[in-house]
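User: I've got a model open and I'd like to know what the labels people put on it rest on. Can you take me through them?

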Amino acid sequence: MSQTPRLRRARQLTASVLPTRAAGAYPTLVTERLRKAGATGSTGMLPFYGSAEGAIFFRNGRIIHAESERTPGPAIGAYQEYAGSLPPLDRIMAIRAVTEPIIDAVLELFTAQAHYARFRSSRLPDAGLASGIGVEALLAETERRQRLMKHLSVVLTPDTAIARNPHLRLESVRVSAWQWDLLIRVAPTATPRNLAWDLGRSVCGTTTDVYRLLALGLLSAAGEAPGRRRAMSFVRAASVKKGDTMPVISAGAAVEDAV
Amino acid sequence: MILNEAEAVLDSVADIDGFLLGCLVDASTGMVLAARKDQDDISLPIAAAGAADIANVISLLAGELSVDGPEDVMVTFRGQFHVIRPISGDRRPVILLLVILDRARVNLALARLQIRNFCVGFAA
(Lines give C-alpha, C1' and ligand atoms only; values in the text may rest on other atoms or scores of the structure.)
Protein backbone atom coordinates (compact mmCIF):
# COMPACT_ATOMS: atom_id res chain seq x y z
CA MET A 1 0.00 0.00 0.00
CA SER A 2 1.29 3.45 -0.95
CA GLN A 3 2.62 5.68 1.83
CA THR A 4 1.72 8.79 -0.14
CA PRO A 5 -0.98 10.73 1.65
CA ARG A 6 -4.26 10.58 -0.19
CA LEU A 7 -4.39 14.32 -0.95
CA ARG A 8 -0.88 14.41 -2.38
CA ARG A 9 -1.66 11.34 -4.46
CA ALA A 10 -4.79 13.04 -5.82
CA ARG A 11 -2.75 16.14 -6.70
CA GLN A 12 -0.20 14.00 -8.54
CA LEU A 13 -2.94 12.31 -10.52
CA THR A 14 -4.61 15.55 -11.52
CA ALA A 15 -1.41 17.49 -12.19
CA SER A 16 -1.44 16.48 -15.83
CA VAL A 17 -4.91 17.86 -16.47
CA LEU A 18 -5.30 20.72 -14.00
CA PRO A 19 -3.32 23.93 -14.35
CA THR A 20 -1.24 24.67 -11.27
CA ARG A 21 -1.77 27.80 -9.26
CA ALA A 22 1.79 28.95 -9.84
CA ALA A 23 1.74 32.56 -10.99
CA GLY A 24 2.08 32.85 -14.73
CA ALA A 25 1.85 29.12 -15.41
CA TYR A 26 -1.65 29.13 -16.83
CA PRO A 27 -0.96 30.63 -20.30
CA THR A 28 1.80 28.10 -20.95
CA LEU A 29 -0.26 25.15 -19.77
CA VAL A 30 -3.39 26.00 -21.69
CA THR A 31 -1.58 26.88 -24.93
CA GLU A 32 0.44 23.67 -24.72
CA ARG A 33 -2.78 21.71 -24.29
CA LEU A 34 -4.31 23.31 -27.36
CA ARG A 35 -1.12 22.83 -29.38
CA LYS A 36 -1.08 19.16 -28.41
CA ALA A 37 -4.68 18.73 -29.59
CA GLY A 38 -3.75 20.47 -32.84
CA ALA A 39 -0.54 18.53 -33.43
CA THR A 40 -2.18 15.16 -32.87
CA GLY A 41 -5.11 15.99 -35.15
CA SER A 42 -7.56 15.41 -32.32
CA THR A 43 -11.32 15.36 -32.73
CA GLY A 44 -13.49 16.04 -29.71
CA MET A 45 -14.06 18.52 -26.93
CA LEU A 46 -11.79 20.18 -24.38
CA PRO A 47 -14.08 21.18 -21.49
CA PHE A 48 -13.34 24.11 -19.19
CA TYR A 49 -14.73 24.69 -15.73
CA GLY A 50 -14.17 26.77 -12.62
CA SER A 51 -14.01 30.54 -12.96
CA ALA A 52 -15.67 30.25 -16.39
CA GLU A 53 -17.33 27.25 -17.96
CA GLY A 54 -17.24 26.34 -21.60
CA ALA A 55 -15.62 24.13 -24.18
CA ILE A 56 -13.43 24.19 -27.25
CA PHE A 57 -14.31 21.71 -30.00
CA PHE A 58 -11.74 20.26 -32.41
CA ARG A 59 -12.04 18.36 -35.64
CA ASN A 60 -8.81 16.88 -37.05
CA GLY A 61 -6.77 19.24 -34.89
CA ARG A 62 -8.58 22.42 -35.94
CA ILE A 63 -11.02 24.43 -33.87
CA ILE A 64 -14.54 24.25 -35.28
CA HIS A 65 -16.48 25.75 -32.37
CA ALA A 66 -16.05 27.17 -28.87
CA GLU A 67 -18.48 28.35 -26.26
CA SER A 68 -18.41 30.07 -22.91
CA GLU A 69 -21.21 30.70 -20.45
CA ARG A 70 -20.09 34.33 -20.19
CA THR A 71 -20.19 35.25 -23.89
CA PRO A 72 -23.05 35.18 -26.41
CA GLY A 73 -22.78 32.35 -28.90
CA PRO A 74 -23.45 32.68 -32.62
CA ALA A 75 -26.90 33.90 -33.67
CA ILE A 76 -29.46 31.27 -34.54
CA GLY A 77 -28.94 30.27 -38.15
CA ALA A 78 -25.44 31.79 -38.34
CA TYR A 79 -23.79 28.47 -39.23
CA GLN A 80 -26.43 27.72 -41.88
CA GLU A 81 -25.90 31.14 -43.46
CA TYR A 82 -22.12 30.65 -43.39
CA ALA A 83 -22.51 27.32 -45.19
CA GLY A 84 -24.63 28.82 -47.96
CA SER A 85 -23.64 30.54 -51.19
CA LEU A 86 -23.45 34.32 -50.66
CA PRO A 87 -22.23 37.52 -52.37
CA PRO A 88 -18.72 38.63 -51.22
CA LEU A 89 -19.62 41.08 -48.46
CA ASP A 90 -22.35 38.83 -47.08
CA ARG A 91 -19.85 35.98 -47.20
CA ILE A 92 -17.35 37.95 -45.11
CA MET A 93 -20.10 38.98 -42.69
CA ALA A 94 -21.22 35.35 -42.39
CA ILE A 95 -17.64 34.27 -41.68
CA ARG A 96 -17.35 37.02 -39.08
CA ALA A 97 -20.66 35.97 -37.51
CA VAL A 98 -19.36 32.45 -36.80
CA THR A 99 -15.69 33.10 -36.04
CA GLU A 100 -16.18 36.08 -33.72
CA PRO A 101 -18.17 34.13 -31.05
CA ILE A 102 -15.53 31.36 -31.11
CA ILE A 103 -12.65 33.75 -30.47
CA ASP A 104 -14.71 35.68 -27.94
CA ALA A 105 -15.44 32.47 -25.99
CA VAL A 106 -11.79 31.38 -26.02
CA LEU A 107 -10.69 34.84 -24.91
CA GLU A 108 -13.13 34.66 -21.99
CA LEU A 109 -12.01 31.17 -20.93
CA PHE A 110 -8.34 32.15 -21.06
CA THR A 111 -8.86 35.51 -19.35
CA ALA A 112 -10.82 33.86 -16.51
CA GLN A 113 -8.07 31.21 -16.34
CA ALA A 114 -10.68 28.49 -16.41
CA HIS A 115 -9.39 25.00 -15.64
CA TYR A 116 -9.43 22.53 -18.46
CA ALA A 117 -10.41 18.92 -17.94
CA ARG A 118 -9.68 15.70 -19.79
CA PHE A 119 -10.09 15.84 -23.57
CA ARG A 120 -13.24 14.01 -24.61
CA SER A 121 -12.99 12.39 -28.01
CA SER A 122 -16.04 12.06 -30.21
CA ARG A 123 -17.90 14.90 -28.53
CA LEU A 124 -18.75 17.38 -31.29
CA PRO A 125 -21.25 20.24 -31.53
CA ASP A 126 -24.31 20.08 -33.78
CA ALA A 127 -22.84 22.82 -36.00
CA GLY A 128 -19.36 24.15 -36.55
CA LEU A 129 -16.90 25.63 -39.03
CA ALA A 130 -16.26 23.55 -42.14
CA SER A 131 -12.48 23.99 -42.34
CA GLY A 132 -11.87 25.16 -38.79
CA ILE A 133 -9.38 27.60 -37.31
CA GLY A 134 -5.77 26.54 -36.86
CA VAL A 135 -4.55 26.43 -33.27
CA GLU A 136 -1.70 28.89 -33.89
CA ALA A 137 -4.02 31.39 -35.60
CA LEU A 138 -6.48 31.17 -32.72
CA LEU A 139 -3.75 31.60 -30.10
CA ALA A 140 -2.24 34.57 -31.93
CA GLU A 141 -5.64 36.29 -32.19
CA THR A 142 -6.47 35.52 -28.55
CA GLU A 143 -3.15 36.91 -27.35
CA ARG A 144 -3.60 40.05 -29.44
CA ARG A 145 -7.05 40.59 -27.92
CA GLN A 146 -5.74 39.98 -24.41
CA ARG A 147 -3.13 42.68 -24.91
CA LEU A 148 -5.82 45.01 -26.26
CA MET A 149 -8.16 44.30 -23.33
CA LYS A 150 -5.32 44.80 -20.85
CA HIS A 151 -4.59 48.15 -22.45
CA LEU A 152 -8.25 49.19 -22.19
CA SER A 153 -8.71 47.80 -18.67
CA VAL A 154 -7.16 50.93 -17.16
CA VAL A 155 -10.50 52.56 -17.93
CA LEU A 156 -12.88 49.85 -19.05
CA THR A 157 -13.33 46.11 -18.70
CA PRO A 158 -16.27 44.07 -20.01
CA ASP A 159 -17.81 44.30 -16.53
CA THR A 160 -17.34 48.01 -15.83
CA ALA A 161 -20.59 49.90 -15.26
CA ILE A 162 -21.14 52.57 -17.89
CA ALA A 163 -23.59 55.45 -18.20
CA ARG A 164 -24.75 57.82 -20.89
CA ASN A 165 -23.49 61.35 -20.66
CA PRO A 166 -26.45 63.26 -19.14
CA HIS A 167 -25.41 66.50 -20.84
CA LEU A 168 -25.56 65.04 -24.29
CA ARG A 169 -26.84 67.35 -27.00
CA LEU A 170 -28.58 65.04 -29.44
CA GLU A 171 -28.07 67.41 -32.39
CA SER A 172 -24.31 67.11 -31.93
CA VAL A 173 -24.24 63.32 -31.83
CA ARG A 174 -22.92 61.76 -35.02
CA VAL A 175 -22.49 58.01 -34.77
CA SER A 176 -23.15 55.08 -37.06
CA ALA A 177 -26.36 53.08 -36.79
CA TRP A 178 -24.21 50.26 -35.40
CA GLN A 179 -23.02 52.55 -32.57
CA TRP A 180 -26.48 54.05 -32.10
CA ASP A 181 -27.95 50.58 -31.46
CA LEU A 182 -25.47 50.26 -28.63
CA LEU A 183 -25.88 53.79 -27.30
CA ILE A 184 -29.66 53.60 -26.91
CA ARG A 185 -29.41 50.39 -24.87
CA VAL A 186 -27.20 51.89 -22.18
CA ALA A 187 -29.39 51.53 -19.08
CA PRO A 188 -28.33 52.50 -15.51
CA THR A 189 -26.86 49.03 -14.83
CA ALA A 190 -25.27 48.55 -18.25
CA THR A 191 -21.87 47.01 -18.79
CA PRO A 192 -20.21 46.12 -22.10
CA ARG A 193 -20.93 42.44 -21.36
CA ASN A 194 -24.67 43.10 -20.74
CA LEU A 195 -24.86 45.08 -23.95
CA ALA A 196 -23.07 42.32 -25.86
CA TRP A 197 -25.68 39.81 -24.67
CA ASP A 198 -28.47 42.24 -25.42
CA LEU A 199 -27.25 42.86 -28.97
CA GLY A 200 -25.88 39.38 -29.65
CA ARG A 201 -22.43 40.81 -30.37
CA SER A 202 -19.04 39.73 -29.07
CA VAL A 203 -17.99 40.92 -25.62
CA CYS A 204 -14.56 42.01 -26.90
CA GLY A 205 -16.01 43.90 -29.86
CA THR A 206 -18.66 45.57 -27.70
CA THR A 207 -16.00 46.63 -25.19
CA THR A 208 -13.94 48.34 -27.91
CA ASP A 209 -17.09 49.93 -29.37
CA VAL A 210 -17.98 51.26 -25.89
CA TYR A 211 -14.42 52.57 -25.54
CA ARG A 212 -14.90 54.57 -28.75
CA LEU A 213 -18.12 56.05 -27.37
CA LEU A 214 -16.24 56.95 -24.18
CA ALA A 215 -13.64 58.71 -26.31
CA LEU A 216 -16.42 60.65 -28.05
CA GLY A 217 -17.73 61.73 -24.64
CA LEU A 218 -21.09 60.04 -25.21
CA LEU A 219 -20.59 57.55 -22.37
CA SER A 220 -18.70 57.53 -19.10
CA ALA A 221 -17.26 54.62 -17.15
CA ALA A 222 -17.82 54.14 -13.42
CA GLY A 223 -14.82 55.14 -11.33
CA GLU A 224 -12.99 56.58 -14.28
CA ALA A 225 -10.22 58.80 -13.01
CA PRO A 226 -9.37 61.94 -14.99
CA GLY A 227 -6.31 61.54 -17.15
CA ARG A 228 -6.37 57.75 -17.14
CA ARG A 229 -7.88 57.32 -20.57
CA ARG A 230 -5.45 56.59 -23.38
CA ALA A 231 -5.98 56.22 -27.08
CA MET A 232 -6.92 52.68 -28.03
CA SER A 233 -4.10 51.15 -30.05
CA PHE A 234 -4.45 48.03 -32.16
CA VAL A 235 -0.83 48.46 -33.26
CA ARG A 236 0.39 48.21 -29.69
CA ALA A 237 -1.73 45.09 -29.19
CA ALA A 238 -0.35 43.51 -32.37
CA SER A 239 3.30 44.23 -31.60
CA VAL A 240 4.84 41.12 -30.11
CA LYS A 241 8.30 41.42 -28.68
CA LYS A 242 10.49 38.37 -28.29
CA GLY A 243 9.70 36.63 -25.02
CA ASP A 244 6.22 38.14 -24.72
CA THR A 245 3.70 35.85 -23.12
CA MET A 246 -0.05 36.01 -22.95
CA PRO A 247 -0.91 38.88 -20.60
CA VAL A 248 -3.00 38.18 -17.56
CA ILE A 249 -5.69 40.78 -17.04
CA SER A 250 -6.57 41.77 -13.53
CA ALA A 251 -7.69 44.96 -11.89
CA GLY A 252 -4.44 45.14 -9.90
CA ALA A 253 -2.30 44.73 -12.99
CA ALA A 254 -4.32 47.37 -14.79
CA VAL A 255 -3.75 49.89 -12.01
CA GLU A 256 -0.01 49.15 -11.95
CA ASP A 257 0.06 49.53 -15.70
CA ALA A 258 -1.55 52.93 -15.46
CA VAL A 259 0.85 54.31 -12.89
CA MET B 1 -6.09 35.68 -40.70
CA ILE B 2 -8.55 33.27 -39.21
CA LEU B 3 -10.08 31.37 -42.13
CA ASN B 4 -8.19 30.67 -45.37
CA GLU B 5 -11.47 30.27 -47.24
CA ALA B 6 -12.05 34.03 -47.08
CA GLU B 7 -8.93 34.77 -49.14
CA ALA B 8 -10.61 34.31 -52.55
CA VAL B 9 -12.75 37.43 -52.14
CA LEU B 10 -9.61 39.56 -52.61
CA ASP B 11 -8.58 38.05 -55.97
CA SER B 12 -9.44 41.12 -58.04
CA VAL B 13 -7.60 43.50 -55.68
CA ALA B 14 -4.48 41.39 -56.08
CA ASP B 15 -4.55 42.15 -59.83
CA ILE B 16 -3.82 45.88 -59.30
CA ASP B 17 -0.38 46.88 -60.63
CA GLY B 18 2.02 47.41 -57.73
CA PHE B 19 -0.10 45.33 -55.35
CA LEU B 20 1.82 44.24 -52.24
CA LEU B 21 -0.87 43.38 -49.69
CA GLY B 22 -4.63 43.50 -49.37
CA CYS B 23 -6.73 42.59 -46.39
CA LEU B 24 -10.15 42.97 -44.83
CA VAL B 25 -10.08 44.09 -41.20
CA ASP B 26 -12.88 44.14 -38.64
CA ALA B 27 -12.72 47.71 -37.31
CA SER B 28 -14.31 46.75 -33.97
CA THR B 29 -11.73 44.20 -32.96
CA GLY B 30 -8.85 44.76 -35.38
CA MET B 31 -9.08 41.14 -36.53
CA VAL B 32 -7.95 40.28 -40.06
CA LEU B 33 -10.82 38.51 -41.82
CA ALA B 34 -9.15 37.85 -45.17
CA ALA B 35 -5.76 38.63 -46.67
CA ARG B 36 -3.70 38.36 -49.85
CA LYS B 37 0.00 39.12 -49.84
CA ASP B 38 2.57 39.38 -52.63
CA GLN B 39 5.52 40.28 -50.42
CA ASP B 40 6.62 38.47 -47.30
CA ASP B 41 8.47 41.30 -45.59
CA ILE B 42 5.29 43.21 -44.71
CA SER B 43 3.84 42.28 -41.32
CA LEU B 44 0.15 41.64 -41.94
CA PRO B 45 -0.93 41.98 -38.26
CA ILE B 46 0.85 45.31 -37.85
CA ALA B 47 -0.37 46.73 -41.17
CA ALA B 48 -3.96 45.69 -40.39
CA ALA B 49 -3.75 47.05 -36.84
CA GLY B 50 -2.42 50.34 -38.20
CA ALA B 51 -5.33 50.59 -40.62
CA ALA B 52 -7.82 49.93 -37.80
CA ASP B 53 -6.16 52.59 -35.62
CA ILE B 54 -6.18 55.15 -38.43
CA ALA B 55 -9.85 54.43 -39.16
CA ASN B 56 -10.61 54.79 -35.45
CA VAL B 57 -8.90 58.19 -35.24
CA ILE B 58 -10.63 59.38 -38.41
CA SER B 59 -14.02 58.28 -37.07
CA LEU B 60 -13.33 60.19 -33.83
CA LEU B 61 -12.41 63.23 -35.90
CA ALA B 62 -15.58 62.86 -37.98
CA GLY B 63 -17.62 62.62 -34.77
CA GLU B 64 -16.02 65.75 -33.31
CA LEU B 65 -16.43 67.70 -36.55
CA SER B 66 -19.97 66.39 -37.07
CA VAL B 67 -19.19 65.31 -40.62
CA ASP B 68 -19.89 62.01 -42.36
CA GLY B 69 -17.30 59.25 -42.04
CA PRO B 70 -14.40 58.87 -44.48
CA GLU B 71 -14.76 57.51 -48.01
CA ASP B 72 -11.14 56.47 -48.01
CA VAL B 73 -7.85 57.30 -46.32
CA MET B 74 -4.52 57.38 -48.08
CA VAL B 75 -1.21 57.17 -46.27
CA THR B 76 1.86 57.98 -48.32
CA PHE B 77 5.10 56.39 -47.22
CA ARG B 78 8.35 56.91 -49.12
CA GLY B 79 8.04 53.53 -50.82
CA GLN B 80 4.39 52.58 -50.42
CA PHE B 81 0.85 53.83 -50.55
CA HIS B 82 -1.62 52.49 -47.98
CA VAL B 83 -5.26 52.88 -49.04
CA ILE B 84 -7.88 52.27 -46.35
CA ARG B 85 -11.54 52.12 -47.26
CA PRO B 86 -14.58 51.19 -45.16
CA ILE B 87 -16.74 48.81 -47.16
CA SER B 88 -19.75 47.86 -45.09
CA GLY B 89 -22.99 49.68 -44.51
CA ASP B 90 -24.04 51.80 -41.58
CA ARG B 91 -26.05 49.07 -39.86
CA ARG B 92 -23.33 46.45 -39.98
CA PRO B 93 -19.99 46.14 -38.24
CA VAL B 94 -17.41 48.24 -40.05
CA ILE B 95 -15.13 46.21 -42.29
CA LEU B 96 -12.07 47.98 -43.67
CA LEU B 97 -10.24 47.21 -46.86
CA LEU B 98 -6.51 47.92 -46.65
CA VAL B 99 -4.48 47.82 -49.86
CA ILE B 100 -0.72 48.39 -49.79
CA LEU B 101 0.82 49.40 -53.12
CA ASP B 102 4.40 49.72 -54.30
CA ARG B 103 4.91 53.40 -55.04
CA ALA B 104 7.43 52.69 -57.79
CA ARG B 105 5.08 50.44 -59.77
CA VAL B 106 1.59 51.80 -59.21
CA ASN B 107 -0.55 54.20 -61.19
CA LEU B 108 -2.24 55.73 -58.18
CA ALA B 109 -5.26 57.22 -59.95
CA LEU B 110 -6.01 53.94 -61.70
CA ALA B 111 -5.43 51.94 -58.53
CA ARG B 112 -7.85 54.12 -56.55
CA LEU B 113 -10.46 53.66 -59.25
CA GLN B 114 -9.94 49.89 -59.19
CA ILE B 115 -10.21 49.85 -55.39
CA ARG B 116 -13.39 51.92 -55.51
CA ASN B 117 -14.90 49.64 -58.16
CA PHE B 118 -13.93 46.60 -56.11
CA CYS B 119 -15.68 48.04 -53.04
CA VAL B 120 -18.81 48.93 -54.99
CA GLY B 121 -18.96 45.43 -56.46
CA PHE B 122 -18.09 43.85 -53.16
CA ALA B 123 -20.87 45.54 -51.24
CA ALA B 124 -23.49 45.09 -53.99
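Analyst: Happy to. A helix here is a DSSP run of at least four residues and a strand is a DSSP run of at least two, numbered from the N terminus. Counted that way, chain A has 10 helices and seven strands. Keep in mind that this is a predicted model.

User: How do you know how confident the predictor is about chain B and the model as a whole?

Analyst: pLDDT runs from 0 to 100. For chain B the mean is 88, and 94% of the residues reach 70 or more. The model itself scores ipTM 0.87 and pTM 0.84.

User: Why is Pro125(A) called partly exposed?

Analyst: Buried takes 20 or more other C-beta atoms within 10 Å, and exposed means 12 or fewer. Pro125(A) has 15, so it falls in between and is called partly exposed. You'll find Pro125(A) in the loop between strand E5 (120–121) and helix H5 (135–152) of chain A.

User: What does Pro125(A) touch, leaving out residues up to four places away in sequence?

Analyst: Phe57(A) and His65(A). A contact needs C-beta atoms within 7 Å. As for Arg35(A), 90 residues away along the chain, its C-alpha atom is 20 Å from that of Pro125(A).

User: What makes strand E3 (residues 62–68) of chain A largely enclosed?

Analyst: The burial count. Seven of its seven residues are buried, so E3(A) is largely enclosed by the rest of the structure. Over chain A, buried residues make up 42% of the 259 residues.

User: How do you know that E2(A) and E3(A) are paired?

Analyst: Pairing calls for at least two DSSP bridges. Strand E2 (residues 54–59) of chain A and E3(A) have six, in the antiparallel sense, so they qualify. Within that pair, Phe58(A) stands opposite Ile63(A). The two strands form a hairpin with two residues between them, and Asn60(A) in the turn has a positive phi of about 50 degrees.

User: What are the domains of chain A, and how many residues of each are in contact with the other?

Analyst: Chain A is divided into domain 1 (6–141) and domain 2 (155–229). Eight residues of domain 1 are in contact with seven residues of domain 2. The domain 1 side of that contact has four nonpolar, one polar and three charged residues.

User: What makes E2 and E3 of chain B edge strands?

Analyst: Each pairs on one side only. They belong to an open sheet of five strands in the order E2-E1-E5-E4-E3 (chain B), with antiparallel pairing. The twist averages 10 degrees from one strand to the next. Inside the sheet, strand E4 (residues 80–86) and strand E5 (residues 95–102) of chain B share seven bridges, with Gln80(B) opposite Asp102(B). Helix H2(B) lies across E4 and E5 of chain B, at about 25 degrees to E4(B).

User: Which parts of chain B touch chain A?

Analyst: There are 36 residues of chain B in contact with 35 residues of chain A. On the chain B side, the elements giving two or more residues are strands E1 (19–26) and E2 (32–37) and helices H1 (44–65) and H2 (108–123). H1(B) gives the most, with 10 residues. By class, the chain B side has 21 nonpolar, nine polar and six charged residues.

Note on methods
Residues are numbered from 1 along each chain as its sequence is written. Chains are lettered from A and ligands numbered from 1 in the order in which they are written. This is a predicted model: local features need pLDDT of at least 70, side-chain atom pairs count only at pLDDT 80 or more; totals for chains, interfaces and linings use all residues. Domain bounds come from an automatic or database domain assignment. Two residues are in contact if their C-beta atoms, placed from the backbone, lie within 7 Å. Ala, Val, Leu, Ile, Met, Phe, Trp, Tyr, Cys and Pro count as nonpolar, Asp, Glu, Lys and Arg as charged, and the others, Gly among them, as polar. Axes are lines fitted to C-alpha atoms, for helices over the stretch in contact, and angles run from 0 to 180 degrees between N-to-C directions.
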